Amino acid sequence: MKIEKIKKVGDSKYQLILQNKDVITTYDDVMIKYHLLYRKEIDENILESLLKETKISDIYYKSVKKLTTKMMSKKSYKHWLEKFQLSKQNEENLICKLENVGLLNDLYYAKAYASDKARLSKDGIGKIENDLKEEGISYGMIKDALTVIDLEEMNQKLKKMLVKKIEQNHHYSNQHLKQKIISEFLKLGFSYEEIHSALQEVKWMNETEILQKEFMKTLLKAKKKYQGKELLYQVKNKLYQKGFSIEEINECLEKEINNE
């Protein structure tokens with residue numbers, strides 16, 4: 001089939017206008033491979049190969065755009081690539097090409113991920129490590145990546161988050177809050193030793209003030225539904241669930257009774 005016209009339509013794109021008026025948009029690497037700038041005609045076999053390789057090139061440039069916008073692990077990239085339904089060989093060739101130009105590198109990805117998460121998220125080292133495992137990063141690369149994390153900065157981040165949790169507490173006893181904090185921060189990937197050590201260094205709120213405020217709030221709410229012994233039981237139960245001791249609760253009750 002005769003090639004009527006060749007037109008450059010971008011930095012790396014060309015359009016071929018065929019005799020039957022079909023327009024094929026392809027890339028410079030494909031043009032060079034098939035010597036299309038010097039051809040006057042193209043047969044069916046070359047056309048079929050050209051269309052297949054144009055598809056591969058198209059996916060490659062989409063991959064370049066994707067990976068320059070956001071770094072990805074090889075596992076995540078393969079998952080993104082599934083929608084194009086490439087053959088195993090074409091997929092491996094594409095991955096190899098992207099690795100050769102430095103756009104796909106699990107070690108660089110892991111180091112960047114660890115650094116960003118350590119600085120910008122609430123995550124501890126344990127969660128960062130588990131996330132990298134989920135991304136298919138090898139043990140050796142994870143170990144290497146975690147060395148970019150400044151342990152002192154992580155400790156300061158942990159203490160800052162703990163102080164915020166303590167300052168925001170208006171409902172629980174210090175002991176109950178401590179248990180909640182340990183549970184929450186273990187899930188964030190901090191070790192028990194890290195959390196315990198940081199808790200030793202922070203200043204706790206005055207528990208008596210918290211109890212008094214929570215007592216009055218609970219009492220006023222319970223009075224809308226209960227009276228007498230049932231009222232006392234409901235107030236005691238609610239406050240006990242928040243970690244306050246029976247002795248402390250009884251003291252508040254006695255003061256309230258004496259003030260009435």
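How far apart in helix α2 are Lys52 and Glu48, counted in residues and helical turns? They are four residues apart in helix α2 (residues 44-69), and about one helical turn separates them. The views below start from the whole chain and then move in on single sites.

A word on the model first: it is predicted, and local features need pLDDT of at least 70, side-chain atom pairs count only at pLDDT 80 or more, while totals for chains, interfaces and linings use all residues. Residues are numbered from 1 along each chain as its sequence is written, and side-chain values use heavy atoms, with hydrogens and water left out.

**View 1. The whole chain, with its helices and strands.** The chain has 13 helices and three strands; helices (H or I, at least four residues) and strands (E, at least two) are DSSP runs, numbered from the N terminus. Along its principal axes, the C-alpha trace spans about 105 × 45 × 30 Å. The radius of gyration of the chain is 33 Å, where a compact globule of 260 residues would have one near 18 Å. That radius is taken over C-alpha atoms, and the globule rule is 2.2 Å times the number of residues to the power 0.38. Of the 260 residues, 36% count as buried. Here, buried means under 20% relative accessible area, exposed over 50%, and partly exposed in between (1.4 Å probe, protein chains only). Among contacts with a separation of 6 or more, 56% come from residues 24 or more positions apart; a contact means heavy atoms within 4.5 Å.

**View 2. The Lys52 and Glu48 salt bridge in helix α2.** Lys52 forms a salt bridge with Glu48, and their closest N and O atoms are 3.6 Å apart. The term stands for a side-chain nitrogen of Lys or Arg within 4 Å of a carboxyl oxygen of Asp or Glu. Lys52 is exposed, with a relative accessible area of 54%, whereas Glu48 is partly exposed at 45%. A search of the whole structure finds 11 salt bridges, and some others appear in the next views.

**View 3. Helix α5 crossing helix α6.** Two packed helices are described by the angle between their axes and the distance between the axes. For helix α5 (residues 106-120) and helix α6 (residues 125-134), the axes come within 10 Å and cross at roughly 150°. Axes are lines fitted to C-alpha atoms, for helices over the stretch in contact, and angles run from 0 to 180 degrees between N-to-C directions. From α5, the contact is made by Tyr109, Ala110, Tyr113, Ala114, Lys117 and Ala118, and from α6 by Ile128, Asp131 and Leu132. By class, this contact has seven nonpolar, no polar and two charged residues. Ala, Val, Leu, Ile, Met, Phe, Trp, Tyr, Cys and Pro count as nonpolar, Asp, Glu, Lys and Arg as charged, and the others, Gly among them, as polar.

**View 4. Salt bridges in and around α5 and α6.** In helix α5, Arg119 and Asp116 lie three residues apart, about one turn of the helix. Their salt bridge has its closest N and O atoms 2.8 Å apart, and Asp116 is partly exposed at 36% relative accessibility. In helix α6, the side chains of Lys133 and Glu129 meet in a salt bridge at 3.9 Å, N to O. These two are four residues apart, or about one helical turn. Lys133 is partly exposed, with a relative accessible area of 45%, and Glu129 is partly exposed at 24%. A network of salt bridges also links Asp123, Lys127 and Asp131.

**View 5. Cys252 and its neighbours from afar in sequence.** Cys252 sits in helix α13 (residues 246-259) and counts as buried at 12% relative accessibility. Leaving out residues up to four places away in sequence, Cys252 touches Leu211, Gln212 and Phe215. The C-alpha atoms of Cys252 and Leu211 are separated by 8.2 Å, with their positions 41 residues apart along the chain. Met216, in helix α11 (residues 207-222), is 36 residues from Cys252 in sequence and 9.1 Å away in space, C-alpha to C-alpha. Met216 is partly exposed, with a relative accessible area of 32%.

**View 6. Two loop residues with positive phi.** Lys21 has phi near 75°, a positive value in a residue other than glycine. Lys21 is found in the loop between β2 (13-18) and β3 (23-27) and is exposed, at 62% relative accessible area. His35 also is not a glycine, and its phi is positive at about 55°. The loop between α1 (28-33) and α2 holds His35, which is partly exposed at 48% relative accessibility.
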